[in-house]
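Work through the exercises below with the sequence and the structure side by side. Each task is followed by a solution that goes step by step.

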Amino acid sequence: MPACLVHRSLVASILTGASIDVSSSRLPCTTTAVFARRRPGRCARRQVQLKFHAGCIQARKFAGAATGGLRASDGVELPSTRNQVLALLQKTLSLLPRTLSTADGSVGPESSAFWSDILERASVELASGSIQAPSKATIAVCGFDKWAGSNELVMGLLEDPFFTDPTCSDILRNRWKSNPSSVNIEYGKPTAFAGGLRSPSTWLQQFQHDVQLTELPDLSSLSAVSTEADSLLLSSDVLLFLCDPITTPLSDLANRAKHLVNKPNTILVFTSSSASERQHQFASRSLSELGCQPGHIVFVDPIRALTAITALQANPGSPSAIDKYQTDRLGSRISTIGATVGEILGPKNLSDNSLLGLRQGTALSQVHTALTASFRSVEGVEKEVNFVAGRLHNLRSEVKQIQVKAITEIFGEQGQADKVGKALSQGAKDMSAILDSFTFWKMVWRVDEIGALISAATQGLWCKELENQLILQTGRLEPTQRKLSTSAFNLLSSSQTYSLRSPVLENRLHQLARSPAYTLAPSTLTQPIHDRRNQLIQYTTTRLHQEAQSAVVGAFGGVLTGAGLGWWLAFGGHVLSLGAGTEIGTATGAGALLAVGSIRWGMGKWERAKRKWTRDAERIGEGLARDLKATIHRTIDDKVVTTAVTGCKGLDKLVEGRREEIRQLHDELQALQTELHACAHFPTSWKDSHTLSSADKIDTE
């Protein structure tokens with residue numbers, strides 16, 4: 001019986017981590033000699049036990065070195081006053097609505113309300129001036145998914161293979177049987193109560209403060225946005241976040257739980273059966289590239305630790321079971337969890353065990369995480385602004401290309417023959433042919449129809465081909481106009497965070513798109529042709545008609561006048577009468593001369609009228625070319641690209657204003673981050689958000 005008690009006492013001291021002096025290298029030999037003299041048959045067993053105990057102590061030293069490097073290498077600045085932390089909390093609270101989303105439907109770590117609630121609770125707790133005695137340091141445990149092993153980790157930490165009361169193990173193993181939302185575990189007599197239990201595990205007593213371990217379901221079993229769970233995890237003094245690197249890619253971890261991983265007091269536990277320095281460096285580098293910087297990274301195999309406990313519980317007196325327990329317990333590296341948690345909570349031998357300092361550190365950790373979320377949000381908005389600016393540049397380039405293309409398609413390539421000039425020349429030739437066909441004698445017989453005939457020819461021939469081309473170009477511009485308008489509206493609504501949306505600008509674009517002047521009609525580009533054609537008909541052709549009538553009247557009036565003059569000279573009595581025979585011939589010649597002269601004058605007048613009509617048509621054609629250029633430019637600017645140009649100008653102002661705001665927010669965040677780094681209980685290794693400190697690395701030797 002005494003030997004059994006000695007054996008149980010020794011193994012219990014091994015399991016609970018009781019302090020046994022093994023500093024002397026002769027201790028195992030001396031103890032072995034004593035045991036050999038008392039019970040020679042158990043010498044080998046005691047050697048195994050003492051070697052195992054020495055290994056446990058070395059593991060504790062290793063774990064302390066793994067996390068204690070943070071304290072040694074980084075150092076901790078002098079404690080800050082509570083007022084400094086409260087001031088920092090208030091400054092952060094005032095900045096959050098400007099850096100994070102304040103939309104009504106915004107929830108979770110991307111919303112301002114989420115972080116404001118967390119920081120306000122921390123501020124109220126610190127402002128109360130005292131931490132009540134029942135308060136405990138909180139350790140939250142959560143896995144990324146069901147394969148993370150959070151259940152096994154809690155069992156491995158709290159299970160004791162030498163619990164004398166089987167109720168302890170039963171309560172611990174059945175803690176999730178009633179499907180609670182979370183399980184709170186405190187030190188005490190083994191008792192189960194609603195939403196938690198008490199356990200006599202010595203693991204809960206190894207820290208400076210009394211602790212409450214809160215175990216939550218894995219994130220995959222929670223809703224897509226579990227504000228309460230996230231708030232609880234972010235408000236904890238220490239967060240043990242588990243992830244199986246085999247079943248969970250690091251990219252998924254960063255996308256789903258970046259706000260939890262980026263806590264200085266987060267211990268990211270990779271549940272892996274093996275770990276090496278190379279694996280740790282790869283994980284740290286990969287997480288850093290994904291924007292995740294946990295406070296600590298450890299590799300633990302909780303299943304192996306739990307298997308070691310189960311094996312020893314099955315046969316506590318077997319040397320092979322003890323040896324297996326030693327091997328599996330050390331190989332699981334589960335002791336690094338307690339050492340890392342102790343590093344965050346502080347050494348147990350400190351004289352001041354008040355929770356106020358710990359709460360200040362937790363509040364600073366929350367500020368750090370909130371600022372990280374703010375930086376990430378501001379960077380996201382900056383990327384979005386740059387994305388919109390890039391699309392603005394592309395839309396402007398498209399508008400310029402359309403403007404140049406439209407002008408080119410209508411007027412032709414630069415350096416080549418002008419299409420409008422060619423059309424005007426062809427129209428002038430056609431009209432000249434029509435006018436040439438109207439000789440004087442043909443005109444005489446249709447003198448009253450000259451205006452109508454020339455007007456009809458003008459309507460049907462003058463710039464008719466150009467008119468058809470312009471109608472075709474108008475039809476081509478309509479889908480271009482619709483495309484640019486759609487691009488402008490899409491660009492305006494492309495901001496996912498409403499940072500670049502403007503109802504005023506959007507309403508302005510809608511007004512432009514729905515105004516009557518925005519519509520492209522077939523006559524939009526051809527209106528100058530109609531106007532100039534009407535001018536040619538109303539003025540020039542009318543004058544030609546009048547000239548034709550005048551020429552006919554003058555010519556035939558002269559003929560009649562010549563006939564009358566000849567009769568008067570021949571038969572009238574007057575002083576010019578020279579005699580009957582001679583005067584008739586002279587009179588006839590004089591009358592014929594006057595008649596021929598009148599006809600010649602009428603023909604000349606008609607030819608001059610036609611040439612004048614042609615010159616007027618050329619001048620009108622030159623004016624038409626100028627009008628077409630102005631109309632095409634005005635149509636493209638005021639109809640085709642107006643929504644795109646107006647949208648680009650408005651978004652330019654929004655982008656510039658947003659960029660200035662981003663610069664101001666970045667400066668304010670940098671100032672808060674500098675103030676945060678100067679506060680107490682904030683290791684300098686946290687200052688670099690892109691690298692992990694050497695304390696986060698593990699010793700694989």
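**Exercise 1. Which residues of helix α12 are buried, and what is special about the residue after the helix?**

Step 1. In this predicted model, the buried residues of α12 are A321, I322, Y325, Q326, D328, R329, G331 and S332.

Step 2. Helix α12 covers residues 319-332, and its 14 residues, at 1.5 Å a residue, should span 20 Å, which agrees with the 20 Å that separates its end C-alpha atoms.

Step 3. The residue that follows α12 is R333, with a positive phi near 60°, and R333 has this positive value although it is not a glycine.

Step 4. R333 belongs to the loop between α12 and α13 (335-345), and because its relative accessible area is 15%, R333 counts as buried.

**Exercise 2. Is N179 buried or exposed, and where does it lie?**

Step 1. Locate N179 in the loop between α7 (166-173) and β2 (183-187).

Step 2. Look at its backbone: phi of N179 is near 55°, which is a positive value in a residue other than glycine.

Step 3. Apply the cut-off, under which a residue is exposed when its relative accessible area is over 50%; N179, with a relative accessible area of 66%, is therefore exposed.

**Exercise 3. At what angle do α4 and α14 pack, and which residues meet?**

Step 1. Helix α4 (residues 82-99) packs with α14 at an angle of about 25°, and the two axes are 10 Å apart.

Step 2. Angles under 35 degrees count as roughly parallel, and α4 and α14 are therefore roughly parallel to each other.

Step 3. The crossing of α4 and α14 is left-handed.

Step 4. On the α4 side, the residues that take part are R82, V85, L88, L89, T92, L96 and T99, and they meet L356, Q360, A363, L364, V367, A370, L371, S374, S377 and V378 in α14.

Step 5. Sorted by class, the residues of this contact of α4 with α14 comprise 11 nonpolar, 5 polar and 1 charged.

**Exercise 4. How do α14 and α18 pack, and which residues make the contact?**

Step 1. Helix α14 (residues 355-411) and helix α18 (residues 464-492) pack at an angle of about 175°, and their axes are 11 Å apart.

Step 2. Because of this angle, α14 is roughly antiparallel to α18.

Step 3. From α14 the contact takes V388, R391, L392, L395, E398, V399, I402, A406, E409 and I410, while the residues of α18 in the contact include L470, Q473, R476, L477 and T480.

Step 4. The contact of α14 with α18 divides by class into 12 nonpolar, 4 polar and 5 charged residues.

**Exercise 5. At roughly what angle do the axes of α14 and α22 cross?**

Step 1. The axes of α14 and helix α22 (residues 642-677) cross at roughly 160° and come within 9 Å.

Step 2. Angles over 145 degrees count as roughly antiparallel, so α14 is roughly antiparallel to α22.

Step 3. The crossing of α14 and α22 is left-handed, and the contact between these helices has 22 nonpolar, 6 polar and 5 charged residues.

**Exercise 6. With which residues is Y518 in contact, and with which is T540 in contact?**

Step 1. Begin with Y518, which lies in the loop between α19 (503-514) and α20 (523-571), and which counts as buried because its relative accessibility is 9%.

Step 2. Leaving aside neighbours within four places in sequence, Y518 is in contact with Q481, S485, L512, A513, K639, T642 and T643.

Step 3. Consider one of these partners: Q481 is 37 residues from Y518 along the chain, and their C-alpha atoms are separated by 9.5 Å.

Step 4. Turn to T540, which is found in helix α20 and is buried, with a relative accessible area of 5%.

Step 5. With neighbours within four places in sequence again left aside, T540 is in contact with Q535, W613, D616 and I620.

**Exercise 7. How many helices and strands are there, and what part of the protein is buried?**

Step 1. The protein has 22 helices and 8 strands.

Step 2. Of its 701 residues, 48% count as buried.

Step 3. Among the contacts in the protein with a separation of 6 or more, 82% are accounted for by residues 24 or more positions apart.

Note on methods
Residues are numbered from 1 along each chain as its sequence is written. This is a predicted model: local features need pLDDT of at least 70, side-chain atom pairs count only at pLDDT 80 or more; totals for chains, interfaces and linings use all residues. Side-chain values use heavy atoms; hydrogens and water are left out. Axes are lines fitted to C-alpha atoms, for helices over the stretch in contact, and angles run from 0 to 180 degrees between N-to-C directions. Helices (H or I, at least four residues) and strands (E, at least two) are DSSP runs, numbered from the N terminus. Angles under 35 degrees count as roughly parallel, over 145 as roughly antiparallel, 65 to 115 as roughly perpendicular and the rest as oblique. Contact means heavy atoms within 4.5 Å. Ala, Val, Leu, Ile, Met, Phe, Trp, Tyr, Cys and Pro count as nonpolar, Asp, Glu, Lys and Arg as charged, and the others, Gly among them, as polar. The expected span of a helix is 1.5 Å times one less than its number of residues. Buried means under 20% relative accessible area, exposed over 50%, partly exposed in between (1.4 Å probe, protein chains only). A crossing is left-handed if the near helix is turned anticlockwise from the far one by less than a right angle, and right-handed if clockwise.
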